[in-house]
Amino acid sequence: MKHKMKLNIKTFLIALIGSLLWLFMQLSPAPELAHAEGIPQFVISTNKVGLPVGEIVTVILNGQNLKDMYAYEAKITFDPNKLKLIEAKSSLEGYSVMPIIENNEIILAHTQIGNIPGQNGNLTIGTLIFEAQSTGATEVNWKSMKLVDSNLKDQAYLVGKKTIISVSEKNNTTPVPPQTHVTPTPSTPAGPVASPNVTVPDLLIDDKQGVRFSPEAIQVKKTRNENGQQVTSVSVDEHTMIQAFTFLRKKALPSPYMFIEVEEMKDEIVQIELSAQALADAKNTGDTVIISMQAGSVGSEGAVRYELPVHVLPLQALTKQMGDEIKDMKVIVSFVSVKQGERGAAEVDHISEIVGKMGAIQLLKPVTFGVFVESGRERIEVLDFDATYIHRTFTISGEIRPSSSTVVWLTPGGKLEFVPATFKTVNGSTEVTIKHRGNGTYTVIQYKKMFADAGKHWAKQEIELLASKLIIKGTTDTRYDPEAPVTRAEFAALLVRSLGLEEDYLAAKAFSDVSANNGYIGVIGAAVKAGLIEGYSHTKFQPSGKITREEMTVMISRAIHTAGKRMMSEGSGTGNGNGAGAGTLEAFKDSSLIQPWARASVAEAAASGIIQGKTETVFAPGEQATRAQAAVILKRMLQLLEFIN
């Protein structure tokens, strides 16, 4: 039933957003009997009233006398010049929407899941973790609170509570790490460093890529969970990890790897446990190490590899949130592979149902990835990887055709969506490498989609490729309308799907012309939040507005930068030898018509071979972009990003 619960979340959030605008127009202060028993009260506090620049402070939001609270939305304001929001999190069970930050305002929204009663009594509603940015006193204000009960009836309150934080100068004294975590630097082996493998205690050094732990350095423990599934727990002790980081730091490789490998992958669940102290020390030192964790023999069917950059882990913020010392915490990376019909397999069953209705073929048993920070008292999933695309790799037996094969993930809304991935044949098997900002449940499907009106079109190949990868959709099940103009909402959806971003309904709530009923509210919110597109004003998005070729190019340029890629600069030559000649604006006779705000993006895209002119000398910047042109430019962008083959 888990997937049905997730679908209920989406339904609830849409209803929530639909009523949001008029509700806040009717915000009323709490009744005069504010202190009477049974009236909801709201209290804001901090774990410290003073701190130096660079330190972390936690702001706690508490509710008192709450009755049947099924969901809530809270508005908080702060001074972004004084404080930087590191993380915002609900302390309650259920589903939290990604916090929205607009200028100095934070919006938190949370809902329970399923047909259950709301919560009662005195509760910690959520926490905000800030990093101090500059000196002086500053306020965090809890402006308003909207409560929704289990019958979806809502009530809005003006809270008007604040807490004051004093920020002082940063202490210039360099802290000394605790003595228990200081490890001698491994001695440099005698002889030339170029030897293939140099062994130090518990480590096997790979000179080309980094450091590889020997089997003797890895502890393996097998247990069973509450569903009767066998769990393999893999760990490397803290002392050995610190030695490895120290050794890599001395080698000064540009992209050093730390390899942890377990040869067998027969169990449904594999958990790799890492010392949070060793990871935090490495991050604080500025290490760029990537921890590569593999379960299963290299190249064998079912082998799984997960690459975790140390710098993306928000360990300091999580330590403050959990109230534990870093030395008592560990980071856990889990791979879960559950068969259809087994206990705990609701998501797997839901995926199988969707794939069957599509007429697709599932090529891989779904695998769920997760990263958690655990102390003796609490376990929290890491959801924010600092907008970094995390790489993970599956091995599937046989050769797979990339054009008709796609990696998909199950979204919180219960849909299957495209995930950036490439396919590579190695010794008769296929390695599938996924690039995604978060975690979740993934599988590989084989699917081919064609449209009757694109069969003889010049963009047929691109249209069918991206439709088969669930990125573009037809105007009907059988028609694509390739020469129709593409709208702002449609292109926002194409970019969000191409980048594998999660839909964000609340980020679009400010636009009065974006309805929850038009099917685009989530992708518009995600595109706006990622900075791919803006509204025409603070309250108007114009989802049906047509985009021009230069507008499309600007949005493509932003998407490429969002994915962490830099394009060629103007005059450096084309990326693929097509279209724009030398790749400069001067190649287009109508370059003077390109708007100033679009010139840099058009120049970069032309130099990288992402866009071409209508002819070799005409760009037509103000002409409406077509659905066919959108498909072609998206394919080039995806290949440049190595998000598809």
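**View 1. Glutamate 353 and its partner on helix H6.** Glutamate 353 is partly exposed, at 39% relative accessible area (that label sits between buried, under 20%, and exposed, over 50%, using a 1.4 Å probe and protein chains only). Its salt-bridge partner is lysine 357, with 3.3 Å from N to O; a salt bridge here puts a side-chain nitrogen of Lys or Arg within 4 Å of a carboxyl oxygen of Asp or Glu. Lysine 357 counts as exposed because its relative accessibility is 69%. The two sit about one helical turn apart, because they are 4 residues apart in helix H6, residues 346–358 (helices are DSSP runs of H or I, at least four residues, and strands are E runs of at least two, numbered from the N terminus). You're looking at a predicted model, where local features need pLDDT of at least 70 and side-chain atom pairs count only at 80 or more, while totals for chains, interfaces and linings use all residues. Residues are numbered from 1 along each chain as its sequence is written, and side-chain values use heavy atoms, leaving out hydrogens and water.

**View 2. Glutamate 642 meets lysine 435.** Here the salt bridge spans 3.8 Å, N to O. The pair ties together distant parts of the chain, 207 residues apart: glutamate 642 is in the segment after H12, and lysine 435 is in strand E29, residues 429–436. Glutamate 642 is partly exposed at 47%, whereas lysine 435 is buried at 8% relative accessibility.

**View 3. Glutamate 307 and arginine 305.** These side chains form a salt bridge at 3.6 Å, N to O. Glutamate 307 counts as buried, with 15% relative accessibility.
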